[in-house]
Amino acid sequence: MENNFDQWIFVFLGSHRSGLGIEIFKIITFFGNWQFLLPVILVILFILYIKNKKRFIIPYILIVSIAEIVTYIGKVFFNRSRPLLAVLHETDPSFPSGHATIAVTFYGYLAYIIIKLLPKKYKWPIIIATTLVIFLIGFSRLYLGVHYVSDVLAGYLVGLLFLIIGINFTDRLNINK
């Protein structure tokens, strides 16, 4: 199912891996793992609740949950095998990348919340930092050899779709005032 571009990037990154790079990207990929994100989102939701910013809670839960469900369904439907010779051992199907999906929905909506709550002067630094985190999580999956480029791009698209839905839902209902 992989295409020539997928194979070319996989071979290129595989031939340029280093021990230090592997260790750095293992840390970065951890920031897209559910073992890290579940406790973090629970803390964020608790803070939103006690700070009386409850308007963000339901959309956040919904977009992250539904995006992950859609990604899981995509993995089952496409059942694409993981690349061989990956640095990490993954057992679930490859397409689309769950890490890429969650990076966009989780970090993207968190950035949206922060932008809504902080002064406007922080908007672009937050957008730039969030984009960098999302890119690095996706790239870490490629560098570690557990995904093809098309897996990560599809995950980004699924995440972006649900991020846009979540932001529009929050804005249209005028619940962010």
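# Briefing on side-chain contacts and helix H3

Lys-54 lies over the face of Tyr-49, with 4.7 Å between it and the ring centre. The structure shown is a predicted model. Across the whole structure, a search finds 16 aromatic pairs and seven salt bridges. The points below take up helix H3, the aromatic rings, the salt bridges and the surroundings of Val-152.

**Helix H3**

- Helix H3 covers residues 34-50, which makes 17 residues. At 1.5 Å a residue, H3 should span 24 Å, and its end C-alpha atoms are indeed 24 Å apart, so the expected and the modelled span agree.
- The buried residues of H3 are Leu-37, Ile-41, Ile-44, Leu-45 and Leu-48. These residues cover an arc of only 100° around the axis, and therefore they lie on the same side of H3.
- An α-helix has 3.6 residues a turn, so residues three or four places apart point the same way.
- Helices H4 and H5 are among the elements that cover the buried residues of H3.
- The other side of H3 carries Leu-42, Phe-46 and Ile-50, which are exposed.
- After H3 comes Asn-52, which has a positive phi, near 60°.

**Aromatic rings**

- Phe-78 and Phe-95 form a pair with ring centres 4.8 Å apart. Their planes stand at 85°, over the 60 degrees that mark the class, so the pair is edge-to-face.
- This pair links distant parts of the chain, 17 residues apart. Phe-78 belongs to helix H4 (residues 57-78), whereas Phe-95 is in the loop between H4 and helix H5 (98-117).
- The two rings also differ in their exposure class: Phe-78 is partly exposed, at a relative accessible area of 37%, and Phe-95 counts as buried, at 15% relative accessibility.
- Phe-106 and Tyr-107 make another edge-to-face pair, with 4.8 Å from centre to centre and 85° between the planes. Both Phe-106 and Tyr-107 are buried.
- Phe-106 and Tyr-107 also belong to a cluster linked by ring pairs, together with Phe-56, Tyr-60, Tyr-109 and Tyr-112.

**Salt bridges**

- Within helix H2 (residues 19-30), Lys-26 and Glu-23 are three residues apart, about one turn of the helix. The two residues form a salt bridge in which the closest N and O atoms are 3.8 Å apart.
- Lys-26 counts as partly exposed, at 32% relative accessibility. Glu-23 is likewise partly exposed, with a relative accessible area of 44%.
- Asp-92 and Arg-82 meet through their side chains in a salt bridge of 2.6 Å, N to O. Both residues are in the loop between H4 and H5, ten residues apart.
- In this bridge, Asp-92 counts as partly exposed, at 30% relative accessibility, while Arg-82 counts as buried, at 14%.
- Arg-141 and Glu-90 form a salt bridge whose closest N and O atoms are 3.1 Å apart. The pair links distant parts of the chain: Arg-141 is in helix H6 (residues 123-143) and Glu-90 is in the loop between H4 and H5, 51 residues apart.
- Arg-141 is buried, with a relative accessible area of 1%, whereas Glu-90 counts as partly exposed, at 25% relative accessibility.
- Asp-6, Arg-80 and Asp-151 are joined into one network by salt bridges that share partners.

**Surroundings of Val-152**

- Val-152 is located in helix H7 (residues 149-172). Its relative accessibility is 4%, below the 20% cut-off, so Val-152 counts as buried.
- Leaving aside residues up to four places away in sequence, Val-152 touches Ser-97, Ala-100, Gly-138, Arg-141, Leu-142 and His-147. Among these contacts of Val-152 is Arg-141, the residue that forms a salt bridge with Glu-90.
- Val-152 and Ile-58 are 94 residues apart in sequence, and their C-alpha atoms are 26 Å apart in space.

How values were computed: Residues are numbered from 1 along each chain as its sequence is written. This is a predicted model: local features need pLDDT of at least 70, side-chain atom pairs count only at pLDDT 80 or more; totals for chains, interfaces and linings use all residues. Side-chain values use heavy atoms; hydrogens and water are left out. Rings of Phe, Tyr and Trp (its six-membered ring) pair if their centres lie within 6.5 Å; planes under 30 degrees apart count as stacked, over 60 as edge-to-face and the rest as tilted. Helices (H or I, at least four residues) and strands (E, at least two) are DSSP runs, numbered from the N terminus. Buried means under 20% relative accessible area, exposed over 50%, partly exposed in between (1.4 Å probe, protein chains only). A charge sits over a ring if NZ of Lys or CZ of Arg is within 6 Å of the ring centre and within 35 degrees of the ring normal. Contact means heavy atoms within 4.5 Å. The expected span of a helix is 1.5 Å times one less than its number of residues. The arc is that of the directions from the helix axis to the C-beta atoms. A salt bridge is a side-chain nitrogen of Lys or Arg within 4 Å of a carboxyl oxygen of Asp or Glu.
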